Amino acid sequence: MDLEKRTLASIAIVLAGVFLGVSAGILAESPSTDQASGTVIDFGEYDTVWTDADIGSFRTTLSLLEYAADSNGYELVLGEDGSILSLAGIQSGDGGSWGLWVVYPGETSWSRLQAPYDSDPSSYTITSWAYRSEGEEPTVAVDYSGNPIYGYAQKYRIVSLSPTITEIMVSVKAGNVLVGVDSYSYYPGSVMAGRENGSISVIGTYASPSFELILGTNPDVVFCDGSQRSHVQMGSQLRGANVDAVTVYPGEDTRSILNNIFIIGQVINYGLAADEVIVETNSILDILYEMTHSTSAGEPERTMIALDPDISPWVSGDGTYLANMLGMFNASNVFGDWTGWVHITSDRIPYANPDRIIVITQEYSATQEEYDALYWGLSAQWKDTDAWRNGDVYVICESAADLVQRFGPRTAQAAELLAMILHPDAFGKEVPKIIGDGYEELLEYSSDLSLT
Amino acid sequence: MNAKGSMIIAIALLIVVSSLSFAAPASEADDGTSVLIDRGNGDTTWTVADGSSVLETVESAAEGLGMEVSFQSGELTVDGVSSVTVGGTNGGGSFTQEGSTGLTTEASWRVFGWSSGSWVSIDPNDPGAYGSLALAFLPEGVFPTETPDHPNAWTMSRGDSANTGSQDATFSSNENYSVVWTSKGTAHANTLYAGGTVYQKFGIDRDGYASVVAIDGSTGETEWEFRFLSGSNYESSTPLIVGDSIYVATMTGYIYRIPLAEGPGEGNSNVTSFGGAGFSDAVPVDSVVADFDVGTTYDSGFSSMVFYSGAIYVTHSNGMVYCFDLDLNLIWSKLLGASTYLVAPTVYDGMVFTGALDGHLYIIDAYDGSMLVDEKVYQVQYRDKLYGNVGQVAVQRAGDGTYALFFTVSDGLGMSQGSSGLAVYEYAVSGNQIVQRFLSDDLGMFGRYVIPVDTEEYRGAYAVSSDGLTTSLLRVDRSGVLETVTTGLAEIHSPMVLVNGEFLYAISYSSADPIYKLSLSGEILGTASCPSQVRNFNMIPLLVLGDTVFGGTDAGIYCLDGAFTPYVPPSSDRGAPVILVIAGIVGAIILVMAAVYAALRFGKGVEKPFRFIRERFVHYLYGEDYTHNTRNRHRLRFVVAVGAVVTFLSFTLCICIGSTSVNNPVEAYSALFSAISKGGVGLDTLETSVYMSRLPRTIAALAVGIGLSVAGCIYQAIIRNPLVDPYIMGVSSGAGVAAIAVIAFDFTFFGLFSPHSIFITAITACAGGLIAFACTMLLAEKAGGSAINYVLSGVVIGLAFSAVQTIMLTMSGNKLSNALTWLYGSFAEVTWAQVGIILFLSLFLSMVPLLWAKELNLVLLGEDQARQMGLNVRRFNRGMLVLASVLTSVCVAFCGVIGFVGLVIPHLCRMLLGSDHRMVIPASICFGGVMLMLADLLARTGYYGMELPVGAITTVIGIPVFAYLLIKRGRMYDG
């Protein structure tokens, strides 16, 4: 074959490969977002009502709402412009108004539509009729991958890919339907016991769950953690294999944690139990908020949260779960100018001069000797702070370190621990400088949230 | 006798024994008449009695069972009762308004004789001789369902109106059970059986139709099917068989009556509903008749029905209890304080016992519908609302006009219930008082059913509870003494059944767990497995006729025949162990070698066959008498043949071995072909594992292995440096920067993709790799465009991108681990949607260098020599480098950075075959794919349940092989 022919053949082969490859990519059935057939009526505070309906038979969102209202026995009053004056006896007014929010396919955020509500309901992932005051959004209705959280059949075999999800499952009293967990899910004891007696399988590690081991548990639904890329991909893979997969949001703040509890409760039809956890968590957070803002709590504390006691430690910048809690409990983050977890230069520590330092570490045990070793072994930069000079260096270790780093149903316990450290005067008690496995004994308001 | 003969005799015996168990009445003997006592509520007994007349025989039979029969003035009286009338004066009762309607129905004791294959109603003084007799408490015109031909029947959800779940069975087989037949459908309603036919209600199909199917009990063939439009998959209420009719209650508010033998007929012409209305004229019961403040309302429609004293009793989720006659005319209705859910009311001694979702226990007069007891038993408050439920009530007479009542309680939230417990009450008829003897909600989670046991050894009730970890069998007696009978059972959701008063049968919720046969002391006497054809979740009880057993799952119903096998605790061993597979392969190789040896030694008379083969083989590859081209052709054939065989074996190994099971090749390939024939939909666990998990990543590994090896081959030839790998042009660093931008910083390619698209990382990484290569090319061309310019530019650009990558990693915070997982390289996230792209691009692009193998050989000699041979070296090099870089970018894009393959495989091939690219490239194609397939196999199975980085595995397994070859051939190899 001469040069020219070979050149042409090469080009033809390359083009054929590209054509076939691209065609395969386009033709391959990519996991699509399921359309939950129905609509949500949202009264606020996680109080939602889902109505199953064949949305293909409703030409407008309004006719879908009329059906939902009728099915639930709610009276619906519309204004002349098609806006909702009142639904289920709750009138649009100063306190809030009824409106239609939708999530578009491929998205996770809400968009508000205005009356008249004449668009086709099947063009959205989900529709929610919510009573909200200005600036508020409806209760979460899609998971982190944009799939609706409603309309699932009853789930009996559930796999959790993260320790936080496992904790949420147990907190909503659904521990008995767990059939698979990741290897880091060793809390609470009932899960560990289930792993030991074989009723709960381990399906891989938190970072790298095994598709085949998950399928081996024959699951009804698999809960993935949106903060792990491998979980998001696993969710797509599982849906491709016709296994329901729901991805919860990265636990960045209390809201996202409560949303995750709500999502899991909805998907597995344990909504009431999830609601209990949410209500209790909110009420404890309210109490803690009041206490940390009371006169006995004193001035806002300038706080540094570090992940190790090294000369140049990783510290919490703005936007982390713990930093958000500082804001909630009348304290400020001395490294709030940064975002996320930051590897800080040692000079910055005396410059920031925190009043209070919290070290979260698994490297130490909760004994006075270990605390002394840590405290006196800190570098000169650490020692050149008011926190060190006043002895306000707190260490959270052992299972307490797990507690404050897992964004699950025990968030109120983590919050109480943190609030206590930040404002011991408001709690009127001596708070140990190093807190480990015995943390539950310190808890007063959230002790009921312990899982077994 | 040979094995085949024994097997035939065993099968014949099995058939004979099975048919006997179907055909023979329970205790028929030659020296008496078999008599059926049918108490008119599903509770029947077969006995044998002697007597000179019908009356005498019946009296004798009843006496044997402790019943007293008298016949005076044409009226037959049993235990003081001759007839009962249900219903009373009109109190305005309707479907929506409680009260009597004025209609009545009457049941009385009657005698039947078995004549010409059917029951005939006869006078007790009838002089005729009958093979069998029946004494039954039935309305006029209704005949017993059980017959001498088919002495076992199961006519209502728990067998009788007292909901005892108690079955009589005849066991005769010692043979291990086998699956007789299966039938597909969603079985949420209990299985019924009459006249040798199984009746099963199935949940809705794709068109929204639920069905009731009559299936021949011995063959599994469908006799008729009744389809009706339903509202949900949970058509869970069980039909009812009375006489020659089956009644089907639906969640949409209808009750249909269908003739048992004829079925629904053309266009459901035989089907009638309330008041005798035809199928299409039927009007349903209203789903809402009252607002309830307490408890949940599930809109589950009618519950399962029971038949008692000539009337049908049923509850509805609208909160009503209804009593109908057999023509479905309403006799009375009674409104409860809340909705009810599916379980049949218990009717016992003229009283209806039922719970509701307000946690109340209700006792209603079965004859006139008047309320006797309405008492709160168990309620739980969530937020501002009260919830509760009382499960199906088991009743036992306790003497002195009192009854012991056993039932479970809960918050009524079904699968999501947060609290439930077990209760024992005592009910005194005088004064209509109920007194709590026991109630605990601290025993784990209970279902809705308990099973009453009333034997000489024990009088009380059994129930299963789960504490979230294990399921226990508990029992509680009338005074409230609780015992744990056994623990450690698999999760059980379906009601148990009591067989012959001595065995409990319980089906595990998951088909992967056993069906248990337990003694009343909790010993596991035997187990069976759900047939693979219908493996799914199990919500309904077994129907045990004896050796023949019917069961059902969410996927269908099945018939087993034979004895349950002794219980063996579950083991994690699945499939054939790897060692056996390897031993099989080795054995096959030895056999082939032995055959070849024998053929050569004895067929052709060769003295030393193996030496002969080796010499012939070496001659074939290196024979001096062949021309250079012939030798090369021979070697190429050899490489391709060996490569194809090794690739096939590795591929087979990869689809046989997984982290959940090791399967033999036959199993794995049949699962694979079965999955393909199903189009990847509705797969079982093994099919899913093979088709969805193992196959795509094996194909991807094969394709990437080929691509990287060929790319490495090209780079090494063009750059003439043995240390060059596919990443020398900076492709991996560029791809890494782009991938980390997506993973850690949510780069969406300027909004082109959604953040969760499965292609965004791949496409961005591919683009990043090509951008890095473009930078390298630009720099190299500016510097003169020689091979060494390319190397230096590639290294520098690679370093630059690596530095950016490191900075980005440092700033990626808690997404660091996500980014690192990608950088390590893995096939864990490959889906079918991506496999096509990788495979086609990699295979086709890898084919191009085959056309240019001669030129690559020339370039390897040096640019000057190549130029002298007429090759436009610069243009050729540029083209090949572009090709190799695109190939590398495609490989990196989907699976991350996988090192070593591209570096070492070409060297391995050169060491083995010399430096001729006509052989090196095909060999690299074969062995690159094999190496990466095996590396991925190790990556996914090496450490239990954990995905290991495949790049590290390739290095770990590659280094020893490489080191060995380097030692053996390094001296004569210069790259």
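**Exercise 1. Packing of two helices across the chains**

Helix H1 (residues 3-27) of chain A and H12(B) pack with their axes 7 Å apart, at an angle of about 175 degrees. Determine how H1(A) and H12(B) are oriented to each other, and which residues of H1(A) and H12(B) meet.

*Solution.* The model is a predicted one.

Step 1. The angle between H1(A) and H12(B) is about 175 degrees. Angles over 145 degrees count as roughly antiparallel. H1(A) and H12(B) are therefore roughly antiparallel to each other.

Step 2. On the side of H1(A), the residues in contact are Arg6(A), Ala9(A), Ser10(A), Ile13(A), Val14(A), Ala16(A), Gly17(A), Val18(A), Leu20(A), Gly21(A), Ala24(A) and Gly25(A). They meet residues of H12(B), including Gly836(B), Phe840(B), Phe844(B), Met847(B) and Leu851(B).

Step 3. By class, the residues of this contact of H1(A) with H12(B) comprise 17 nonpolar, five polar and one charged.

Step 4. A general rule helps in reading such lists: an α-helix has 3.6 residues a turn, so residues three or four places apart point the same way.

**Exercise 2. The whole contact between the chains**

State how many residues chain A and chain B each bring to the contact, and identify which element gives the most to the side of chain B.

*Solution.*

Step 1. Chain A contributes 65 residues and chain B 54 residues.

Step 2. On the side of chain B that touches chain A, two or more residues come from each of helix H7 (685-719), helix H11 (816-824) and helix H12 (832-851) of chain B.

Step 3. H12(B) gives the most to this side, namely twelve residues.

Step 4. The side of chain B that touches chain A divides into 26 nonpolar, 24 polar and four charged residues.

**Exercise 3. A strand of chain A and its neighbours**

For strand S18 (residues 356-360) of chain A, establish how many residues are buried, and find which strands pair with S18(A).

*Solution.*

Step 1. A residue is buried if 20 or more other C-beta atoms lie within 10 Å of its own. Five of the five residues of S18(A) are buried, so S18(A) is largely enclosed by the rest of the structure.

Step 2. Arg356(A), Ile358(A) and Ile360(A) point one way from S18(A), whereas Ile357(A) and Val359(A) point the other way; all are buried. In a regular strand the side chains alternate between the two faces of the sheet.

Step 3. Strand S14 (residues 301-306) of chain A pairs with S18(A) in the parallel sense over four bridges. Thr303(A) has Arg356(A) in S18(A) as its bridge partner.

Step 4. S18(A) also pairs in the parallel sense with strand S19 (residues 393-396) of chain A, over four bridges. Here Val359(A) has Val395(A) in S19(A) as its bridge partner.

Step 5. Confidence is considered last. Among the elements of chain A, S19(A) has the highest mean pLDDT (95), and strand S17 (residues 341-343) of chain A the lowest (83). Chain A as a whole averages a pLDDT of 88, with 98% of the residues scoring at least 70.

**Exercise 4. Two sheets of chain B**

Give the strand order, the sense of pairing and the edge strands of the open sheets that contain S10 and S12 of chain B.

*Solution.*

Step 1. Chain B has 18 helices and 45 strands. Of its 975 residues, 53% count as buried.

Step 2. One open sheet has five strands in the order S10-S39-S40-S41-S42 (chain B), with mixed pairing. Its edge strands, each pairing on one side only, are strand S10 (166-167) and strand S42 (524-528) of chain B.

Step 3. Within this sheet, S10(B) and strand S39 (residues 497-499) of chain B are parallel and share two bridges. Ser166(B) is opposite Leu498(B) in S39(B).

Step 4. Another open sheet has four strands in the order S12-S13-S14-S15 (chain B), with antiparallel pairing. Its edges are strand S12 (192-194) and strand S15 (222-229) of chain B. Neighbouring strands of this sheet are turned by 15 degrees against each other on average, direction ignored.

Step 5. S12(B) and strand S13 (residues 197-202) of chain B run antiparallel and are joined by three bridges. Leu192(B) is opposite Tyr199(B) in S13(B).

**Exercise 5. The environment of one residue**

Decide whether Phe745(B) is buried, exposed or partly exposed.

*Solution.*

Step 1. Phe745(B) lies in helix H8 (residues 731-745) of chain B.

Step 2. Phe745(B) has 13 other C-beta atoms within 10 Å and is partly exposed.

Step 3. The C-alpha atom of Phe745(B) is separated by 8.6 Å from that of Lys815(B), 70 residues apart along the chain.

Conventions:
Residues are numbered from 1 along each chain as its sequence is written. Chains are lettered from A and ligands numbered from 1 in the order in which they are written. This is a predicted model: local features need pLDDT of at least 70, side-chain atom pairs count only at pLDDT 80 or more; totals for chains, interfaces and linings use all residues. A residue is buried if 20 or more other C-beta atoms lie within 10 Å of its own, exposed if 12 or fewer, and partly exposed in between; C-beta atoms are placed from the backbone. Two strands pair if DSSP finds at least two bridges between them. Two residues are in contact if their C-beta atoms, placed from the backbone, lie within 7 Å. Ala, Val, Leu, Ile, Met, Phe, Trp, Tyr, Cys and Pro count as nonpolar, Asp, Glu, Lys and Arg as charged, and the others, Gly among them, as polar. pLDDT is the predictor's confidence in each residue, from 0 to 100. Axes are lines fitted to C-alpha atoms, for helices over the stretch in contact, and angles run from 0 to 180 degrees between N-to-C directions. Angles under 35 degrees count as roughly parallel, over 145 as roughly antiparallel, 65 to 115 as roughly perpendicular and the rest as oblique.
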